[in-house]
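Here's a quick briefing to read alongside the model. Have the sequence and the 3D view open as you go.

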Amino acid sequence: MHYQQLGKSDLRVSALSFGCMSLSPVQSDADQILHYAHEQGINFFDTADLYDKGVNERLVGKALKDRRSQVYIATKVGNQWRPDGSTWDWNPGKKYILEAVEESLKRLQTDYIDLYQLHGGTIEDPIDETIEAFEQLKQQGKIRHYGISSIRPNVIREYVNRSSITSVMMQYSLLDRRPEETCLDLLHQHSIGVLVRGSLAKGLLINKPATSYLGYQADEVKKAAEAIHSLSQNNRTATAVAFQFAKHHPAVTTAVTGIRTMDQLKTSLQAQNAVGLTESEYNQLTQSVRPIFYEEHR
């Protein structure tokens, strides 16, 4: 397993990270899967207070409690469940963040969070107040670092300019190259690490039937998948090619991959260990489908 420093932080994160959202709240083998992931070199586990109304955090905390000092736990805040549990509301306010972190710490069975992320964000948010909350939590030792999970260029720019974020989590794949236009180079220039999600484009690049996706028609999705498969050979699977594409830009630190089963974990580990893309192969992929751009929140 390859490890890379996340932004300016002291976290050396595995190139493949475990996205815990896919784990079922009643999954009997969750502990076994999470333990195996750690034993194979994965040291970064991402969850959120939103997932299963906090049950996902409890599941992760229970599984990793006996190896807490050996792993990095990331969680998220900003989506506040209504008292009746019917839905949630966006709340990036300082008061709520300071309250929510206490509940996350309890569920995770830890006294600190390695990376605390704002789970979204809009340009209308009280951004300075949100930053104050994260900075206060750092000073108190309740979080080690903070970042945002966002695909909105205008929001990302504000946090780059006004905060000391360590990371940005964003969707990025051959079928979603929107971050290339304004985000990836900017984040790399400021030594802010990118946590990539969605690198398989919901499986459309690997094994799902072609259908329209974001700004692409089904025939374009098919061409992108064919380009991915054309570079899979020997021990390098289509999954490996898709991962390597998503991690090719120097701003990208790790691919956060949603994993639910042991088979999915083993497939992802195998893909992680495959040979990387040459520049020629990378260019071949980029030429297989036109780039798309963010149309809103620019």
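H1 passes H10 in a crossing that is right-handed. Keep in mind that this is a predicted model. Below are the helix pairs, then the annotated stretch, then a few single residues.

**H1 and H10**
- Helix H1 covers residues 30-39, and its axis sits 10 Å from that of H10, at an angle of about 15°.
- Angles under 35 degrees count as roughly parallel, so H1 and H10 are roughly parallel to each other.
- On the H1 side you'll find Gln32, Ile33, Tyr36 and Ala37, and they meet Met262, Leu265, Lys266 and Leu269 of H10.
- Sorted by class, the H1 and H10 contact has six nonpolar residues, one polar and one charged.

**H9 and H10**
- H10 (residues 262-272) also has H9 (residues 238-246) as a partner: the two axes come within 8 Å and cross at roughly 60°.
- H9 and H10 are therefore oblique to each other, and their crossing is right-handed.
- H9 brings Thr239, Ala240, Phe243 and Gln244 to this contact, while H10 brings Thr267, Ser268, Ala271 and Gln272.
- The class split for H9 with H10 is three nonpolar, five polar and no charged residues.

**H4 and H5**
- H4 (residues 127-140) packs with H5 (residues 153-162) at an angle of about 55°, and the axes are 11 Å apart.
- That angle makes H4 oblique to H5, with a right-handed crossing.
- Ile127, Asp128, Thr130 and Ile131 from H4 make the contact with Glu158, Tyr159 and Arg162 from H5.
- Here the residues divide into three nonpolar, one polar and three charged.

**What surrounds H5**
- Which residues of H5 are buried? They are Pro153, Asn154, Val155, Ile156, Tyr159 and Val160.
- Tyr159 turns up twice, as a buried residue of H5 and as part of the contact with H4.
- The buried residues of H5 pack against several elements, including strand S8 (113-118), strand S9 (143-149) and strand S10 (167-171).
- Helices are on that list too, among them H4, H6 (179-182) and H7 (184-189).

**The annotated stretch**
- UniProt lists residues 16-287 as "domain: NADP-dependent oxidoreductase", and the entry is an unreviewed one.
- Over residues 16-287, the chain is 40% helix and 18% strand.
- The C-alpha atoms at the two ends of that stretch lie 26 Å apart.

**Residues with positive phi**
- Most residues other than glycine have a negative phi, which gives the next two a reason to be looked at.
- Ser191 has a positive phi, near 55°, and sits in the loop between H7 and strand S11 (193-197).
- Ser191 counts as partly exposed because its relative accessibility is 36%.
- Lys202 also has a positive phi, near 60°, and its place is in the loop between S11 and helix H8 (218-230).
- Is Lys202 buried or exposed? Lys202 is exposed, because its relative accessible area is 70% and the cut-off for exposed is over 50%.

**Val55**
- Val55 belongs to helix H2 (residues 55-64).
- With 28% relative accessibility, Val55 counts as partly exposed.
- Val55 and Arg107 are 52 residues apart along the chain, and their C-alpha atoms are separated by 7.8 Å.

Note on methods
Residues numbered from 1 in each chain as written. Predicted model: local features only at pLDDT ≥ 70, side-chain atom pairs only at ≥ 80, totals over all residues. Heavy atoms only, no water. Axes fitted to C-alpha atoms, helices over the stretch in contact; angles between N-to-C directions. Helix = DSSP H or I, 4+ residues; strand = E, 2+ residues; numbered from the N terminus. Parallel < 35°, antiparallel > 145°, perpendicular 65-115°, else oblique. Left-handed = near helix turned anticlockwise from the far one by under 90°. Contact = heavy atoms within 4.5 Å. Nonpolar A, V, L, I, M, F, W, Y, C, P; charged D, E, K, R; others polar. UniProt positions renumbered as here; feature names shortened; annotations may be inferred. Buried < 20%, exposed > 50% of the residue type's maximum accessible area, 1.4 Å probe, protein only.
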